[in-house]
Amino acid sequence: MLNVAGEPPGDSWGIFAFLCAALCNLPAVPALNGTEELGAGQSIQKTYDLTRYLEHQLRTLAGTYLNYLGPPFNEPDFNPPRLARAEQVPSATVDLDLWRGLTDNARLAANYRAYSRLLCYLRGLDGQAGTAELRHRLGHFCSSLQGLVVSIAGVMSSLGYPLPAGPAGPPPPPGAPAAPNDFLKKMDDFWLLKELQTWLWRSAKDFNRLKKKVPPAVVTLRLEARGF
Amino acid sequence: MNTAPQTGLVLPELAGRAPEPSTSRAAEGCAIFIYIYIYFFFFPPATSFFFYFLAADPAVISPQDPTLLIGSSLTATCTVSADFHLRAEDLYWTLNGRRLPAASYAALGPTTLSVALARLNGSKQQSGDNLVCHSRDGGILAGSCLYVGLPPEKPVNISCWSKNMKDLTCKWAPGTEGETFLHTNYTLKYKLRWYGRDNTCQEYHTAGPYSCHIPKDLALFTPYEIWVEASNRLGVAVSDVVMLDILDVVTTDPPADVHVSRVGDLEDQLSVRWSSPPALKDFLFQAKYQIQYRVEDSSEWKVVDDVGNQTSCRLAGLRPGTVYFVQVRCNPFGIYGSKKAGIWSDWSNPTAASTPRSERAAGGCDPKGGEQNTTLRRELKQFFGWVKKHAYGCSNLSIKLYDQWRVWLQKSHKTRNQVLPGDKL
């Protein structure tokens with residue numbers, strides 16, 4: 001990579017390109033042995049794209065599902081109380097300063113855990129819900145969300161972070177009932193979709209930021225590893 | 001990101017702005033979350049009930065999630081829990097988002113308000129009508145889902161078909177429209193007539209909302225009993241049993257390789273050729289075919305019914321110089337000696353062809369004919385010249401005679417053409 005003597009012209013261009021990248025925050029693509037850097041960058045880009053895709057799908061899916069739940073759930077200003085039971089769904093409402101203050105690793109891990117649990121709850125949505133078309137859309141969305149969980153894991157491993165242990169934090173506790181009556185189940189479903197939407201919106205911003213951060217950070221790591 | 005979601009969900013920007021007024025709420029939420037986590041992680045399930053009582057519901061509605069017949073009446077009560085310090089006068093009801101008139105309310109106690117609903121209509125959505133008890137400021141205290149509908153009636157009009165004897169698809173119609181208010185589950189069942197074991201069809205909605213597909217393990221030459229069971233929250237209904245043998249309801253793919261071509265220069269005919277559906281080539285059956293055709297800009301199909309079991313047919317009486325669309329379909333009746341008519345296949349994809357334009361009857365200005373005759377005429381002229389020189393007799397033979405013959409020919413052009421088809425046939 002960064003050999004001292006007898007280096008072919010390509011490598012000296014590489015040094016120059018790295019310096020430019022470090023200064024100008026541009027990825028030094030051609031000259032460096034960039035397979036891992038490219039891998040992380042691409043991974044993040046794909047995860048970002050997938051997040052945006054899911055956001056878009058969710059708008060249609062949520063609209064249809066809330067129509068199935070019926071008014072007032074599908075009214076634009078509907079904002080029911082969040083009962084204690086509903087706290088089990090990972091809340092997307094956090095202090096933004098606190099959130100931005102986390103390390104990349106912690107943020108990615110939080111995303112990974114949240115989506116794993118959201119996926120579990122989503123799969124528990126009414127299996128008999130509405131039309132075959134709604135069920136089909138739900139199934140497709142679940143598969144795509146599963147893809148997002150895997151994608152985040154891919155980003156974490158390409159950046160060298162360890163995966164959070166287990167599929168997701170504690171599984172839905174066996175003691176507490178899923179929802180004691182149909183109306184409360186509807187409220188749970190509403191909150192699930194709402195939190196999912198906020199999570200996806202924020203994750204897109206996270207991945208966008210991460211995308212811009214990655215190349216110099218990774219190059220620095222590699223240089224340090226080689227003792228330069 | 002600034003576009004509002006078209007749902008009842010809060011705009012992301014609002015969620016982002018939330019920290020300001022609800023930072024303490026968020027902190028509370030976090031605290032509760034951690035609390036739950038610790039409880040469920042470290043303590044056995046029995047303790048979770050303790051936690052459940054800590055966060056009791058604000059109110060209780062009775063009846064909770066009832067199932068009712070259309071037209072029935074209901075009196076529901078909302079009892080607020082003591083912790084909330086609300087009285088019956090502070091409450092109101094909504095049904096599917098619309099406020100119910102206060103005239104239908106009655107206070108049954110200091111913390112209990114009832115509402116009377118009469119002559120209920122079928123549920124607005126299959127997930128149940130949302131009857132909600134609110135506090136004065138609009139907050140939701142409790143809710144109940146009302147399932148109002150009719151018990152199912154016997155499903156009717158069961159019809160089945162088998163594609164190439166490999167499978168069976170059946171469809172039916174629901175007994176009444178009332179079944180759409182509640183979620184009605186349909187199960188198609190079948191059994192061999194004298195064998196006794198009920199089987200259930202698994203693949204639904206393959207040919208419309210009320211259909212099911214049985215992909216394998218079907219016996220031929222023996223009758224099946226088939227019926228549909230409809231069930232919802234209000235009851236169960238079973239259709240009449242339909243008895244059939246797979247071989248009597250066979251259908252197949254449309255005929256393959258449909259080709260339509262002109263018949264020589266004939267202006268009013270087209271020849272249609274196709275091949276027998278390949279899936280049934282190994283089976284003994286008599287196919288019947290039907291052809292339908294129409295003119296390009298018309299939507300009226302003409303059907304040719306008496307095609308029999310040939311794989312070609314000639315359409316006659318067509319308009320010259322017109323584009324026609326032609327389709328063919330097949331009925332595999334008499335398969336394995338079955339006496340019943342099979343089921344017509346789908347029509348093949350339309351094939352187009354055009355009939356030749358008619359030649360102009362007024363002779364003379366026929367360039368094609370003229371070209372042909374120029375060479376012929378020249379040769380004939382040479383021939384007659386030679387005959388005059390070398391043959392004795394036939395001296396009247398000359399090119400003039402030939403010209404007269406040509407004129408006679410064009411005068412009788414139409415007659416000549418009408419004769420020719422008869423010759424060819």
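**Exercise 1. Work out what share of the 228 residues in chain A is buried, then describe the chain's make-up.**

Solution. Start with the burial: 46% of the 228 residues in chain A are buried. Keep in mind that you're looking at a predicted model. Next, look at the secondary structure: chain A has six helices and zero strands. Reading along the sequence, you get the pattern α-α-α-α-α-α. Now for the contacts: take those between residues at least 6 apart in sequence, and 84% of them join residues at least 24 apart. Last comes the surface: the accessible area of chain A is about 10,700 Å², and carbon and sulfur atoms account for 61% of that.

**Exercise 2. Find out how many disulfides there are over all chains, and which cysteine B:Cys78 is joined to.**

Solution. Step one is the rule: two cysteine sulfur atoms within 2.5 Å count as a disulfide. By that rule, the count over all chains is three. Step two is the pair itself: B:Cys78 is joined to B:Cys133, with an S to S distance of 1.9 Å. This one links distant parts of the chain, since B:Cys78 sits in strand E3 and B:Cys133 in strand E8 of chain B, 55 residues apart. Step three is handedness: the S-S torsion is about -85°, so this disulfide is left-handed. Step four is burial, where the cut-off is under 20% relative accessible area. B:Cys78 comes out at 0%, so it's buried, and B:Cys133 is buried at 0% too.

**Exercise 3. Is the disulfide between B:Cys160 and B:Cys170 left-handed or right-handed?**

Solution. First check the bond: the S to S distance between B:Cys160 and B:Cys170 is 2.0 Å. Then take the torsion: it's about 105°, so the disulfide is right-handed. Where do B:Cys160 and B:Cys170 lie? B:Cys160 is in strand E10 and B:Cys170 in strand E11 of chain B, so the bond ties together parts ten residues apart in sequence. As for burial, B:Cys160 has a relative accessible area of 8%, so it's buried, and B:Cys170 is buried at 0%.

**Exercise 4. Do the same for B:Cys201 and B:Cys212, then give the pairing of the bonded cysteines in chain B.**

Solution. The S to S distance here is 1.8 Å. With a torsion of about -95°, the B:Cys201 and B:Cys212 disulfide is left-handed. B:Cys201 lies in the loop between strands E13 and E14 and B:Cys212 in strand E15 of chain B, so the bond ties parts eleven residues apart. Both B:Cys201 and B:Cys212 are buried. For the pairing, number the bonded cysteines of chain B in sequence order: you get 1-2, 3-4, 5-6.

Notes. Residues are numbered from 1 along each chain as its sequence is written. Chains are lettered from A and ligands numbered from 1 in the order in which they are written. This is a predicted model: local features need pLDDT of at least 70, side-chain atom pairs count only at pLDDT 80 or more; totals for chains, interfaces and linings use all residues. Side-chain values use heavy atoms; hydrogens and water are left out. Helices (H or I, at least four residues) and strands (E, at least two) are DSSP runs, numbered from the N terminus. Buried means under 20% relative accessible area, exposed over 50%, partly exposed in between (1.4 Å probe, protein chains only). Contact means heavy atoms within 4.5 Å. Accessible areas come from the Shrake-Rupley method with a 1.4 Å probe; for residues, only the protein chains shown count as cover.
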